[in-house]
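Biologist: I am new to this structure and would like a close look at one part of it, with the rest described around that part. Please take me through it slowly.

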Amino acid sequence: MSALAGSPAAPLLTTPLHALHRELGAKMVPFAGYDMPVNYPSGILAEHRQCRDAAALFDVSHMGQIRLVADDLQQAALALETLVPMDVLGLGVGKQRYAFFTNAGGGLLDDLMVTRRENDLLLIVNAACKDTDLHHLQAHIGHRCTVQPLPERALLALQGPKAVTALARLNPGVSALTFMTGGAFTLVGSDCYLTRSGYTGEDGFEISVPATHAEALARELLAQPEVAPAGLGARDTLRLEAGLCLYGHDIHTATTPIEAGLSWAIQKVRRAGGARAGGYPGATVIDAQLAGGVSERRVGLIGLERVPVREGTELVDSQGHRIGRVTSGTLGPTVNQPIAMACIASNHATVSHEVFAMVRGKRLPMRVVALPFTPHRYVRA
C-alpha cells in the first residue's frame, strides 16, 4: 500500500496511538501527512523477524476507512463496480476482496480492500489517497449510495504466525476466521470489526476499533508474550518479501493492473464475455491487454551479488540497452539476499532470465524469479 510521505513543512496529523509510539521510543517520520513510527529501539531487522517468527503489532490508523450504505446493498455493490473491475456483487457477507480504482487509461488510482458486511461495504484505502478516493466515490456514485468516511475508527494490524494465539486470548471466536473473511468481535470491551488479512504475507488480522479505545487495545495486545510493536520500515520489507505492491512505487496512475501482474484480481464475470463485463474506467484498455498481452510488466529480481538495489535503479540487458527500472528494492531479511521488484520489457521477464542493474556506474547481475520471495502463510478455509 502507499508510502508517499507528507511534506515535512506541513502540519503532521497523528493517529490515536501517537503518545504510545513516543512512550515506546519509536523513531517518528513524516508519512502520507502523518507522524508515524518507522521503527522502535529494537530496529527494523528485529521487527521484521518478530513478524515472521511470532507476532508484530502495526499502527495503520493513517489509512482510510469508508462505508458504502444503501437501502439495497446490492445497489451499492453495483455502484462500486462502475469504479473497480472486481466482482463486488458476488461477495458474500463477511467476505473480503482486494480491489483497485482505475482511470480512463486503465491506470491504477489506488488499491484497496473491500469487505461485505451485513449492512454495508467497508473499504480500506491508502493513506496518501484517502481524500482523493473519498471525493472520487462521492462524485461518481454518491447519488446511488451513501459514502461515509470513518475518521472515528482506528486500524491496527496484528501480523505473524502467533497472531491468532495472542488475539484469541482476548476473544476465542477470532480463531474461526480464515484468510479474507471478517466479523464483528468484542475486544477489551470495545466493538471491533476484524478481517483475517494484512500486508506482510503472514497470517494475521486487521482490526477496526473506535479511536477512543485504540490505545487500550494496543496495550492489551502488546502485553501478550507473542507480540511486539513494529513500524513502517518492517512493514515495507515484509510486504516486499511477500511480493506485494506498494502504491506510488510498484503501481501508480500510469500502471495498468495487467502490467502490474494483478490480472488475478479481475474476476471472470467482469472480463470481456462475462455477465457484468466492463462498465468501469479503462475497461477497453484492460480487456485488450488481457487478450493481447503487454509490452512491460512487474517481475521479481534476486541480486547475484550482495549489493542492495534501490528503487529507481535502471535495468539493462547484456548489451547495455535499457529495459526497465526497479520499483522497490532491499536486502531481504528472511531470504538473506538482495531482492527487488521491477517493471521491465516483457521479452526480458521470463523466470531465470538475467538482467543487470546499473549501480554507481557498475552493472550488477540480477535474475528474474517468481514472486513471492517468501511463501505466503495465510490460513485459508
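Biologist: My request concerns a single side chain, so here is where I would start: does Arg239 count as buried, partly exposed or exposed, and at what relative accessibility?

Modeller: This is a predicted model, so what follows is computed from predicted coordinates. Arg239 counts as buried, because its relative accessibility is 3%, and buried means under 20%. Its partner is Asp236, with which Arg239 forms a salt bridge whose closest N and O atoms are 2.9 Å apart. Both residues belong to helix H7, where they sit three residues apart, or about one turn of the helix. The two ends of this pair do not share a class, since Asp236, at 32% relative accessibility, counts as partly exposed, whereas Arg239 is buried.

As general background, side chains of opposite charge can pair when their charged atoms come close. The search of the whole structure finds 18 salt bridges, and two others can be set beside the one in helix H7. In one of them Arg276 pairs with Asp87, the closest N and O atoms being 2.6 Å apart. That pair links distant parts of the chain, 189 residues apart: Arg276 lies in the loop between helix H7 (232-241) and helix H8 (283-292), while Asp87 lies in the loop between helix H3 (73-80) and strand E5 (96-102). Here Asp87 is the buried end, with a relative accessible area of 14%, and Arg276 is partly exposed at 23% relative accessibility. Both also belong to a network of salt bridges in which they are linked with Glu81, Arg97 and Arg270. In the other, the side chains of Glu314 and Arg322 meet at 3.3 Å, N to O; Glu314 is partly exposed, with a relative accessible area of 34%, and Arg322, at 53% relative accessibility, counts as exposed.

Another arginine, Arg219, is found in helix H6 (residues 214-222) and counts as partly exposed, at 34% relative accessibility. Leaving aside neighbours within four places in sequence, Arg219 is in contact with Leu20 and Glu23. The C-alpha atoms of Arg219 and Leu17 are separated by 9.8 Å, although these two residues are 202 residues apart along the chain.

From charged side chains we can turn to the nonpolar interior. The largest nonpolar core has 61 residues, and those that touch the most other members are Leu68, Leu80, Val114, Leu121, Leu123 and Leu137. Not counting residues up to four places away in sequence, Leu123 touches a set of residues that includes Gly64, Ile66, Leu68, Phe101, Val114 and Leu137. A second, separate core of 27 residues includes Leu20, Ala168, Val174 and Ala218; Leu20 is also one of the contacts of Arg219.

Finally, there is the largest pocket, which has a volume of about 700 Å³. Its lining is made of 33 residues, and Tyr98, Leu244, Leu262, Trp264 and His376 lie nearest its centre. Strand E5, strand E14 (296-303) and strand E19 (362-369) are the elements that give two or more residues to this lining, and E14 supplies the largest share, four residues. By class, the lining of the largest pocket has 21 nonpolar, eight polar and four charged residues.

Definitions and conventions: Residues numbered from 1 in each chain as written. Predicted model: local features only at pLDDT ≥ 70, side-chain atom pairs only at ≥ 80, totals over all residues. Heavy atoms only, no water. Salt bridge = Lys/Arg side-chain N within 4 Å of Asp/Glu carboxyl O. Buried < 20%, exposed > 50% of the residue type's maximum accessible area, 1.4 Å probe, protein only. 1 Å grid on protein atoms, 1.4 Å probe; cavity = no way out; pocket = protein on both sides within 12 Å on 5 of 7 lines; lining within 4 Å. Points joined across faces, edges and corners; volume = space filled by probe spheres on them. Nonpolar A, V, L, I, M, F, W, Y, C, P; charged D, E, K, R; others polar. Core = buried A, V, L, I, M, F, W, Y, C linked by side-chain atoms within 4.5 Å. Contact = heavy atoms within 4.5 Å.
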